[in-house]
Amino acid sequence: MRRPADFAATVRRGPRSARATRGSVVVHLAPAPAADDEAGARGPLVGVVVSRAVGGAVERNLVKRRLRHALRELLAGVPAGARVVVRAQPGAARAPYAVLRADLAAALERVLAGPRRGAAHPR
């Protein structure tokens, strides 16, 4: 994903979107639109957001590279055409790669599992 509108549409909390926070990352997932058959052939659309709260430019770029690398390993379980936005939390720059990958795997697993029973509807 590259356009701000794509990020906004994925992060927007709707009845079909999901969000999970695990340690150093927040993962937003929006299912594939039903009419978008071309996007499904390519695989999921993924975006990474690392704000200035994470650190300086060097730290932000390091976190982005680590998250992208971990995503390559974990995207096999994401449905084709789905949109995924991964947002780094401020502590992500100090976390080792193994922790980032574990947090990302747990958050992806959580959003792919769907809403929990008895959980309140997201605001």
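Contact here means heavy atoms within 4.5 Å. In this predicted model, Leu 67 is in contact with Val 25, Val 48, Val 86, Ala 88, Leu 100 and Leu 104, when residues up to four places away in sequence are not counted.

The secondary structure of the protein consists of 4 helices and 4 strands. Along the sequence these elements follow the pattern α-β-β-α-β-α-β-α. The protein has 123 residues, of which 33% count as buried. About 7,500 Å² is exposed, and carbon and sulfur atoms supply 53% of that area. Among contacts with a separation of 6 or more, 78% join residues 24 or more positions apart.

Nonpolar side chains tend to be buried together in soluble globular proteins. In this model, the largest nonpolar core has 24 residues. Val 27, Leu 67, Val 86, Leu 104 and Leu 108 have the most contacts inside this core. At least two residues of the core come from each of β2, α3 (57-74), β4 (83-88) and α4 (97-113). Two of the partners listed for Leu 67, Val 86 and Leu 104, are also named among the core residues with the most contacts.

Two packed helices are described by the angle between their axes and the distance between the axes. For α3 and α4, the angle is about 50 degrees and the axes are 10 Å apart. An angle between 35 and 65 degrees is oblique, so α3 is oblique to α4. The crossing of α3 past α4 is right-handed. On the α3 side, the contact is made by Arg 66, Leu 67, His 69, Ala 70, Leu 71, Glu 73 and Leu 74. On the α4 side, Tyr 97, Leu 100, Arg 101, Leu 104, Ala 105 and Leu 108 take part. Leu 67 touches both Leu 100 and Leu 104.

His 28 lies in strand β2, which spans residues 25-30. The relative accessibility of His 28 is 3%, under the 20% limit, and the residue therefore counts as buried. Beyond its neighbours within four places in sequence, His 28 contacts Thr 10, Val 11, Ala 18 and Arg 19. Further contacts of His 28 are with Arg 83, Val 84, Val 85 and Arg 87.

Thr 10, one of the contacts of His 28, is placed in helix α1 (residues 4-11). Thr 10 is also buried, with a relative accessible area of 1%. Thr 10 and Val 46 are 36 residues apart along the chain. Their C-alpha atoms are separated by 9.8 Å.

Arg 42 belongs to helix α2 (residues 37-42). The relative accessibility of Arg 42 is 60%, over the 50% limit, so Arg 42 counts as exposed. Arg 42 and Gly 81 are 39 residues apart in sequence. In space, their C-alpha to C-alpha separation is 7.1 Å.

Two prolines lie in loops. Pro 79 is found in the loop between α3 and β4. With a relative accessible area of 44%, Pro 79 is partly exposed. Pro 79 touches Pro 44 and Leu 112, not counting residues up to four places away in sequence. Pro 79 and Pro 44 are 35 residues apart in sequence, and their C-alpha atoms are 6.5 Å apart in space.

Pro 90 lies in the loop between β4 and α4. This residue is partly exposed as well, with a relative accessible area of 42%. Leaving aside neighbours within four places in sequence, Pro 90 is in contact with Ala 53 and Val 54. Pro 90 and Val 54 are 36 residues apart along the chain, and their C-alpha atoms are separated by 4.1 Å.

Conventions. Residues are numbered from 1 along each chain as its sequence is written. This is a predicted model: local features need pLDDT of at least 70, side-chain atom pairs count only at pLDDT 80 or more; totals for chains, interfaces and linings use all residues. Side-chain values use heavy atoms; hydrogens and water are left out. Buried means under 20% relative accessible area, exposed over 50%, partly exposed in between (1.4 Å probe, protein chains only). A nonpolar core is a set of buried Ala, Val, Leu, Ile, Met, Phe, Trp, Tyr and Cys residues joined through side-chain atoms within 4.5 Å. Accessible areas come from the Shrake-Rupley method with a 1.4 Å probe; for residues, only the protein chains shown count as cover. Axes are lines fitted to C-alpha atoms, for helices over the stretch in contact, and angles run from 0 to 180 degrees between N-to-C directions. Angles under 35 degrees count as roughly parallel, over 145 as roughly antiparallel, 65 to 115 as roughly perpendicular and the rest as oblique. A crossing is left-handed if the near helix is turned anticlockwise from the far one by less than a right angle, and right-handed if clockwise.
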